[in-house]
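Trainee: Hey, have you got a moment to go through a structure with me? I'd like to learn how to read one.
Mentor: Sure, pull it up and fire away.

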Amino acid sequence: MAKKLFIKTYGCQMNVYDSARMAELLAPLGYAPTEDAGEADMVILNTCHIREKASEKVFSELGRLRADRRERGAEDVIVAVAGCVAQAEGAEIIRRAPDVDIVLGPQTYHRLPEMVARATRAHAAKQWRSDLPARGAGLLDTEFPAESKFDFLPLASESPVSAFLAIQEGCDKFCTFCVVPYTRGAEFSRPVARILDEARALVAAGAREITLLGQNVNAYHGEADDGSTWSLARLVRALADRIPDLARIRYTTSHPRDMDDDLIAAHGDVPALMPFLHLPVQSGSDRVLEAMNRQHGVDLYRRIVEKLRAARSDIAFSSDFIIGFPGESAKDFAATMALVNEVEFAMAYSFKYSPRPGTPAASMDLQVPEAEQDQRLQELQAVLNAQQQDFNRAALGRVLPVLLEKPGRRDGQLVGKSPYAQAVHVEAAPGEIGRVVEARITDLGRFSLRGEIEIPPANFSPRGQEAPLMEASA
Ligand code: SAH
Ligand code: SF4
Ligand code: F3S
């Protein structure tokens, strides 16, 4: 009988990708995924360290899992903590949660099958050695190994319609607020051939959209078989040219510094590259950007947005913002508001600055009082929410190509994505999943749009039709 594996994923898409890869690596050991922690034989918490309370969340989840194991008399469940908290606080996890079997960092999960085998032996030994302490196996692996985990991954045999593909990992930028360079390690680009193989396998397994992932995805500089180095733009063009059934390409997260002209041009001349870009700016104040070590000013950001809009008039933007960075004055915050009003974002994430242990900003003077942070964040979010609503409202009555991804909540309904990553519900049969249909947007819900299919996908063309032009906001 298959053993059950429950993975809880926190944090960014990279962790979502990694969780799926861990599940694949454990399948040959007889583990099948479950959504229910209460029936799991193994639990993996794939953690995120980006803002505070991250590790406290992990410890409280471990406590809940412990209580659940006791309640159902399942003391031999294997418990693993992976991801960025594991990398940053591995030894502390083993000390504070001695029942944890495995702690492994983001760069060592290819060693998971071996670690699970050892943990399984340790659990078995406890059955007949009553003198052994009632603890976990206590295995810790947070190395940055010489070998690449990616070389150990099987090619996908199953895929959602919209798939992730990690092409780059780690970061050398060292923004003063950020833990990623420490938890994920140095910037690393996967070789071109492996990426093309993985993309082909994903599409053969049902993917119609691939989002290329990396902490600094547009810093990609992967080696090709002929020894040349490929940029992200070149990779995007090759994916679009060589895999005709790949309807849509996206990439995230990109850094303004690495938006080169060729990549900007690709937005104009690669129809499969979707007109929606997550390009975090963090702040609209040059002074704050400098203190953050973002390595660019507000002007560069403005110029990139302009160039992208010139290359693809209907492109829409999303961003991340950090509010209340040390030293952020009322004037700096006003500059952020001004930039937001100027660019008009389709969507954005905004966070209060959170001091992270070991990062330079955590020890900077002039930390902004929490009440002030709260107030600024509210003000910013009010505008960002209004912009998002305006953007969605501008879709009303328009016909958009929608890639149908999965069943919706109601019978007879499917949910898909517009080119701008808006969720769209339409009435359609399950057999339409994986197709791009032309849908007229009829209603705005709280979290999604509703549409009616205009052109039934009789002659299946994976790329659908060109996205109609649409202004970024009403
Ligand atoms: N590589 C991406 C961001 C990765 S982290 C980039 O450079 O844009 C994702 C987001 O978390 C960041 O964009 C930032 O807005 C937020 N973030 C990172 N560290 C933070 C901190 N210490 N406090 C608050 N937000 C933070
Ligand atoms: Fe963190 Fe900056 Fe690197 Fe993004 S670019 S991952 S924010 S250090
Ligand atoms: Fe979090 Fe690590 Fe991603 S800290 S945001 S899971 S890179």
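**Talking through the model**

Mentor: Let's start with one residue: Gln295 counts as partly exposed, because its relative accessibility is 33%. Keep in mind that this is a predicted model.

Trainee: OK, and where is Gln295 placed?

Mentor: You'll find Gln295 in the loop between helix 9 and helix 10. Its phi is near 70°, which is a positive value in a residue other than glycine.

Trainee: What about Glu344, what's its phi like?

Mentor: Glu344 isn't a glycine either, and its phi is positive, about 60°. That residue comes just after helix 11, in the loop that leads from helix 11 to strand 16.

Trainee: Is Glu344 buried, exposed or partly exposed?

Mentor: Partly exposed, because its relative accessible area is 32%.

Trainee: And Ala346, where does that one sit?

Mentor: Ala346 is in the loop between helix 11 (330-343) and strand 16 (347-352). This one counts as buried, because its relative accessibility is 4%, and the cut-off for buried is under 20%.

Trainee: So what is Ala346 in contact with?

Mentor: Leaving out neighbours within four places in sequence, Ala346 is in contact with Phe276, Ala316, Phe317, Gln388 and Phe391. Look at Asn392 as well: it is 46 residues from Ala346 in sequence, but their C-alpha atoms are 7.9 Å apart in space.

Trainee: Let's go back to the helix before that loop. How many residues does helix 11 have?

Mentor: Helix 11 has 14 residues. From first C-alpha to last it reaches 20 Å, close to the 20 Å expected at 1.5 Å a residue.

Trainee: Which residues of helix 11 are buried?

Mentor: Asp332, Phe333, Thr336, Met337, Leu339, Val340 and Val343. Seen down the axis of helix 11, those buried residues fall within an arc of 160°, so they line one face of the helix.

Trainee: What do the buried residues of helix 11 pack against?

Mentor: Their packing partners are helix 9 (286-291), helix 10 (298-311), strand 15 (316-323) and helix 12 (370-393). On the face turned away from the buried side, helix 11 carries the exposed residues Ala330 and Lys331.

Trainee: Nice. Changing topic: what domains does the chain have?

Mentor: The domain assignment gives domain 1 (3-141), domain 2 (149-393) and domain 3 (394-474). The centres of domain 1 and domain 3, taken over C-alpha atoms, are separated by 39 Å.

Trainee: Now for the sheets. What's the strand order in the open sheet of 6 strands?

Mentor: The order is 2-1-3-4-5-6, and the pairing is parallel. At the edges are strand 2 (31-33) and strand 6 (139-141), each of which pairs on one side only. From one strand to the next, the twist averages 20°.

Trainee: How many bridges are there between strand 1 and strand 3?

Mentor: Strand 1 (residues 3-9) and strand 3 (residues 42-47) pair in the parallel sense over 5 bridges. For a spot to look at, Thr9 stands opposite Asn46 in strand 3.

Trainee: Which strands does helix 1 touch?

Mentor: Helix 1 (residues 13-26) packs on the sheet and touches strand 1, strand 2, strand 3 and strand 4 (78-82). Its direction makes about 155° with that of strand 3. Helix 2 (residues 54-71) lies across strand 1, strand 3 and strand 4, and runs at about 170° to strand 3.

Trainee: And the sheet of 3 strands, what order is that in?

Mentor: That open sheet runs 7-10-13, with parallel pairing. Its edge strands are strand 7 (162-166) and strand 13 (248-252), each pairing on one side only. The twist there averages 25° from one strand to the next.

Trainee: What packs on that sheet, touching strand 7 and strand 10?

Mentor: Helix 6 (residues 192-204) does, and its direction makes about 165° with that of strand 7. As for the strands, strand 10 (residues 209-213) pairs with strand 13 in the parallel sense over 5 bridges, and the bridge partner of Ile210 is Ile249 in strand 13.

Trainee: Last one: which peptide bond is cis, with omega near 0°?

Mentor: Check the bond from Thr252 to Thr253. Thr253 lies in the loop between strand 13 and helix 8 (261-269).

How values were computed: Residues numbered from 1 in each chain as written. Chains lettered and ligands numbered in written order. Predicted model: local features only at pLDDT ≥ 70, side-chain atom pairs only at ≥ 80, totals over all residues. Heavy atoms only, no water. Helix = DSSP H or I, 4+ residues; strand = E, 2+ residues; numbered from the N terminus. Buried < 20%, exposed > 50% of the residue type's maximum accessible area, 1.4 Å probe, protein only. Contact = heavy atoms within 4.5 Å. Expected span 1.5 Å × (residues − 1). Arc of directions from axis to C-beta. Pairing = 2+ DSSP bridges. Axes fitted to C-alpha atoms, helices over the stretch in contact; angles between N-to-C directions. Domains from an automatic or database assignment.
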